[in-house]
Amino acid sequence: MEEEKKSKRVDIDSKVSTRGGFAGMMETGLRKFRSIVHCSVLLLLYVLASILIGLALVPSIYFVTYIYSATHTWFHLYHYAAFATSIAAGYFIYGFTLILIVLPFANFILRLKLKPWRGIYYSLEAVPWYVHNGFTYIARYTFLFMITPTPFSMMFYKLMGMKIGRGTQLNTTNISDPSLITLEEKVTIGGSATIIAHYGQAGYLVINPVRIGKGAVIGLKATIMGGVNIGVKAKILANSFVMPNTVIPDGEVWGGVPAVCIRKAKPQEEKIAEDKQAKPQEEEKIIEDKQQTENTEKE
């Protein structure tokens, strides 16, 4: 058994791809010249970011130049006040254009909807993950902090692929891999909480979805890692760190670094969880009874 497991393991130091064709050649090049390729991809991302930020700035520049031209005959104090105000307004025009049009459109065109994956960092699957998060960070560090928490922030994350239910409060910009994150109805994400749907493990990159159940609360500055599944009305205390692939049952309270169960679900919450599990079985029984009745009537 141990020899079989060893044979299935991927050599993280391998410089040769197991793929065939052009994709295999690209991946082999990626692994043989890691530092050079990493720097090259980063430079390309900077170029792409410059283009996207530039496109988002176009309406702002148009607005600022229009105000400057329209007020150039005013008394100089009024003219410069109008010009300065137009520059400030231009920043917000840039921000909304970036998060609601430019970045989501680029993400859609490049098909950057992530899928669960585990493998060597220097693999072709890591490239869309790298770019998708690059787009997210452009928004985070240039504008999102100005509109958190607001519906506009949630609109951006939805456009980037995040699933967000009704009544959810999102009071953070520390989010990576939005297309792999699901927040169900009435979830509360505390200020500066971090949600990351990936992690590194022994030389591997692991991309794994995060799901936060209905009515759950994530405390201030808590961290949720990839593969975490948080149940209905569960609570994560402030400054806690939930380890990758942790499953937190409905109604439980977790806290600490790493987070552990502090309080089990209350009897009422346990009953709700049991009812939720029993509901599909009841529905199946109703369907079976209905089919039996129909068969009896036919006979």
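**Salt bridges, a helix pair and unusual backbone**

Modeller: In this predicted model, the side chains of Lys214 and Glu185 meet in a salt bridge, with 4.0 Å from N to O.

Colleague: Where in the chain do Lys214 and Glu185 sit?

Modeller: They link distant parts of the chain, 29 residues apart: Lys214 is in the loop between S10 and strand S11 (217-218), while Glu185 is in the loop between S5 and S6.

Colleague: And is Lys214 buried or exposed? What about Glu185?

Modeller: Lys214 is partly exposed, with a relative accessible area of 41%, and Glu185 also counts as partly exposed, at 36% relative accessibility.

Colleague: How many salt bridges does the count come to?

Modeller: The count comes to 3 salt bridges. Another of them joins Glu184 and Arg211, whose closest N and O atoms are 2.8 Å apart.

Colleague: Which parts of the chain does that pair link?

Modeller: Glu184 belongs to the loop between strand S5 (181-183) and strand S6 (188-189), and Arg211 belongs to strand S10 (residues 210-212), so the pair links distant parts of the chain, 27 residues apart. Glu184 is partly exposed, at a relative accessible area of 27%, and Arg211 is partly exposed as well, at 26% relative accessibility.

Colleague: Which side chain does Glu252 meet in a salt bridge?

Modeller: Glu252 meets Lys264, at 3.6 Å from N to O. Glu252 lies in the loop between strand S16 (247-248) and strand S17 (253-255), whereas Lys264 lies in the loop between strand S18 (260-263) and helix H7 (267-298), and the two are 12 residues apart.

Colleague: Is Glu252 buried or exposed? And Lys264?

Modeller: Glu252 is buried, with a relative accessible area of 7%, but Lys264 counts as exposed, at 56% relative accessibility.

Colleague: Switching to the helices, how do H3 and H4 cross?

Modeller: The axes of helix H3 (residues 34-70) and helix H4 (residues 76-109) come within 7 Å and cross at roughly 155 degrees. Angles over 145 degrees count as roughly antiparallel, and H3 and H4 are therefore roughly antiparallel to each other. The crossing in which H3 passes H4 is right-handed.

Colleague: What residues, by class, does the contact of H3 with H4 have?

Modeller: That contact of H3 with H4 has 20 nonpolar and 5 polar residues, and no charged residues.

Colleague: Now the backbone. Which residues does a cis peptide bond join?

Modeller: One such bond joins Val257 and Pro258, with omega about -5 degrees, and Pro258 lies in the loop between S17 and S18. The peptide bond from Thr148 to Pro149 is cis too, its omega being near -5 degrees, and Pro149 is found in the loop between helix H5 (126-142) and helix H6 (151-159).

Colleague: Why flag those, and what about phi?

Modeller: They are flagged because most peptide bonds are trans, and most residues other than glycine have a negative phi. Lys186, which is not glycine, has a positive phi near 55 degrees, and Lys233, also not a glycine, has a positive phi of about 60 degrees.

Colleague: Where are Lys186 and Lys233 found?

Modeller: Lys186 is in the loop between S5 and S6, where it counts as exposed, at 55% relative accessibility. Lys233 is in the loop between strand S13 (229-230) and strand S14 (235-236), and at 47% relative accessibility Lys233 counts as partly exposed.

Conventions:
Residues numbered from 1 in each chain as written. Predicted model: local features only at pLDDT ≥ 70, side-chain atom pairs only at ≥ 80, totals over all residues. Heavy atoms only, no water. Axes fitted to C-alpha atoms, helices over the stretch in contact; angles between N-to-C directions. Helix = DSSP H or I, 4+ residues; strand = E, 2+ residues; numbered from the N terminus. Parallel < 35°, antiparallel > 145°, perpendicular 65-115°, else oblique. Left-handed = near helix turned anticlockwise from the far one by under 90°. Nonpolar A, V, L, I, M, F, W, Y, C, P; charged D, E, K, R; others polar. Buried < 20%, exposed > 50% of the residue type's maximum accessible area, 1.4 Å probe, protein only.
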